[in-house]
Amino acid sequence: MLKKTSIDRINLPNFLMIFLKFYKFELLFLTIFFIGIYIFLAYFGVAELAIYYAVLSVGLVISYLLHEYSHIIVFKIINKTGEMTIEKNWHRISIVPSYKISGKNLIFVAISGPLICGFIGFLLLFSPYLIIQIVGGFFLIHLLFVLPPFGDGMMMIKGILEMTSKGGEKNGSDNR
C-alpha cells in the first residue's frame, strides 16, 4: 500500500490519518481484543489488568507512530519541498523521499526515529509506576532499529558508505 504526497502537506494530524488508514485492521483487532480481554477479566473481578493491557497497547502504537513521524520531521528540515512516499507492508511502514539525500543527512534521518524514542523511553523509566516503565521499555527497544538488519540501520550504513566514497557527499543519494 502506497501513499505519495508532498512533504509540505504532511503534518502530525495528516500522518496520523495515514497511519490509522494503513493499520485500520490491526487497530480494529487490537480494540476488539482489548474489549474481549476487559470483559473476560471483569467477569473474574480483575478488570484492572485490562487497563494495563490498554496502556501497553497504546504505548506501543504511540512509540511506533512517533518513530516514523520523527523521520518526516527531519526530512522536512532537510528539504522543505518535494514528494515522499509512505509505504506500508504487513510488518512495517517506511518513509521514502522522492528526492536525493546526502550521506550525512541520510544518517541524520535514519537515526532520528530511534533516538527520539530512546530518549523518551529513558525518561519514562523514571516513572514511579511499573506499567509506565514497561512502556518506556517499548520506546527504548526502538534503539535496536539502528542495527543493520533493520531499515534505519541499513540507511545509516548507506549514508556512511556514501560519505566515505569518492564524491559521495556532493552527489547525494537516491535513498531507495
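Q: A salt bridge is a side-chain nitrogen of Lys or Arg within 4 Å of a carboxyl oxygen of Asp or Glu. Which residue meets the side chain of K4 in a salt bridge?
A: This is a predicted model, in which local features need pLDDT of at least 70 and side-chain atom pairs count only at pLDDT 80 or more, while totals for chains, interfaces and linings use all residues. Residues are numbered from 1 along each chain as its sequence is written, and side-chain values use heavy atoms, with hydrogens and water left out. A search of the whole structure finds two salt bridges. In one of them, the N to O distance is 3.8 Å, and the partner of K4 is E83.

Q: How many residues apart are K4 and E83?
A: Strands are DSSP runs of E with at least two residues, and helices are runs of H or I with at least four, both numbered from the N terminus. K4 belongs to strand β1 (residues 2-6), whereas E83 belongs to strand β2 (residues 83-89). The pair therefore links distant parts of the chain, its separation being 79 residues.

Q: Which residues does K4 touch, leaving aside residues up to four places away in sequence?
A: Contact means heavy atoms within 4.5 Å. E83, the salt-bridge partner of K4, is among the residues touched. The full set is E83, M84, T85 and S98.

Q: What pattern does the protein follow when read along the sequence?
A: The secondary structure comes to seven helices and three strands. The C-alpha atoms fill a box of roughly 65 × 30 × 25 Å along the principal axes. Read along the sequence, the pattern is β-α-α-α-β-β-α-α-α-α.

Q: What distance separates the end C-alpha atoms of helix α2?
A: Helix α2 (residues 24-43) has 20 residues. Its expected span is 1.5 Å times one less than the number of residues. That gives 28 Å, which agrees with the distance between the end C-alpha atoms, 28 Å.

Q: Which residue with a positive phi follows α2?
A: The phi of this residue is near 80°. The residue that follows α2 is G45.

Q: Which word describes the angle of α1 to α3?
A: Helix α1 (residues 12-22) and helix α3 (residues 48-78) pack at an angle of about 125°, with axes 11 Å apart. Angles under 35 degrees count as roughly parallel, over 145 as roughly antiparallel, 65 to 115 as roughly perpendicular and the rest as oblique. It follows that α1 lies to α3 at an angle that is oblique.

Q: How many nonpolar residues are in the contact of α1 with α3?
A: From α1, L12, F15, L16 and F19 take part; they meet V61, Y64, L65, E68, Y69 and I72 in α3. No polar residue and one charged residue are present, and the number of nonpolar residues is nine.

Q: How far apart are the axes of α3 and α4?
A: Axes are lines fitted to C-alpha atoms, for helices over the stretch in contact, and angles run from 0 to 180 degrees between N-to-C directions. Helix α4 (residues 103-124) packs with α3 at an angle of about 145°. Their axes are apart by 8 Å.

Q: Which residues of α5 does α4 meet?
A: The axes of α4 and helix α5 (residues 130-141) come within 7 Å and cross at roughly 160°. That angle makes α4 roughly antiparallel to α5. From α4, the residues C117, G118, I120, G121, F122 and L124 take part, and those met in α5 are I132, Q133, V135, G136, F139 and L140.

Notes:
Ala, Val, Leu, Ile, Met, Phe, Trp, Tyr, Cys and Pro count as nonpolar, Asp, Glu, Lys and Arg as charged, and the others, Gly among them, as polar.
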